[in-house]
Every structure is written in C-alpha cells, then in structure tokens.
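Below are some notes on the charged contacts and the nonpolar surface of this model, set out point by point. Please read them with the structure open beside you.

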Amino acid sequence: HGYCTKGSDCKVRNAADPSHCIYCQSYIATPKHLPHWIVIKKRCESQLQAFEKFPEGMKKRFLSFSTALTDNLSAANTVISQLTIDIKEA
C-alpha cells in the first residue's frame, strides 16, 4: 500500500492495517498505489454498510471491528485525496 523509508528502525512489522502507516513521516504512497487504496476504500465502505444492518447487541460485540474499518476508510480517503490532487501548471 506504500513504502516505508525507515527501514530496520520501523517498529511496525507486516502492517496489515494500513491506517497505522500513513501518518508516519517515513511512509510514502505513490500513484502506483492508488488502485490499492481505492480497493481499501470500497471494501471498508461495503463492510461498514453491512455492519450498520447488524442488531444492536451484535454491533456492541464487534465495535472494535467497526472502529478498524472506520480508521482504514479515513486513511484511504486521506491517501486518495493526496494522490489525486490536480497540479495546475503556471
């Protein structure tokens, strides 16, 4: 989902949750990674829609799952907006 430039100093290993990486100064996402982030965004939106249909008792049991989806959706929106900024030539 991007590049970590911190190398062996990075304390996050096998980052399955990309929302943990995007706010690190050593993380770089490029336009090459945009399709990956779009998939993350769509997947999170779909799963959150399904989560909203759960009964209230079930929602409480899976609140941490919902929070992780919300975090990843926010991360995806942040990266997508950064990678799709139109640069105007002077």
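1. This is a predicted model, and the first residue to look at is Glu-45, which is partly exposed with a relative accessible area of 31%. The side chain of Glu-45 meets that of Lys-41 in a salt bridge, with 3.1 Å from N to O, and Lys-41 likewise counts as partly exposed, at 23% relative accessibility. Both residues belong to helix 1 (residues 34-52), where they sit four residues apart, about one turn of the helix.

2. The structure holds three salt bridges, and Glu-52, Glu-56 and Lys-59 are linked in a network of such contacts. Glu-52 pairs with Lys-59, their closest N and O atoms being 3.5 Å apart, while for Glu-56 and Lys-59 the corresponding separation is 3.4 Å. Glu-56 and Lys-59 are three residues apart in helix 2 (residues 56-61), and are therefore separated by about one helical turn.

3. The members of this network are covered to differing degrees: Glu-52 is exposed, with a relative accessible area of 52%, and Glu-56 is exposed as well, at 53%. Lys-59, by contrast, has 15% relative accessibility and so counts as buried, since the cut-off for that class is under 20%.

4. Turning to the nonpolar surface, Met-58, Phe-62 and Phe-65 make a patch of about 240 Å². Of these residues, Phe-65 lies in helix 3 (residues 63-83) and is partly exposed, with a relative accessible area of 39%.

Key:
Residues are numbered from 1 along each chain as its sequence is written. This is a predicted model: local features need pLDDT of at least 70, side-chain atom pairs count only at pLDDT 80 or more; totals for chains, interfaces and linings use all residues. Side-chain values use heavy atoms; hydrogens and water are left out. Patches are made of residues with over 30% relative accessible area and no salt bridge: like charges are joined within 9 Å, nonpolar side chains (Val, Leu, Ile, Met, Phe, Trp, Tyr) within 5 Å. Accessible areas come from the Shrake-Rupley method with a 1.4 Å probe; for residues, only the protein chains shown count as cover. A salt bridge is a side-chain nitrogen of Lys or Arg within 4 Å of a carboxyl oxygen of Asp or Glu. Helices (H or I, at least four residues) and strands (E, at least two) are DSSP runs, numbered from the N terminus. Buried means under 20% relative accessible area, exposed over 50%, partly exposed in between (1.4 Å probe, protein chains only).
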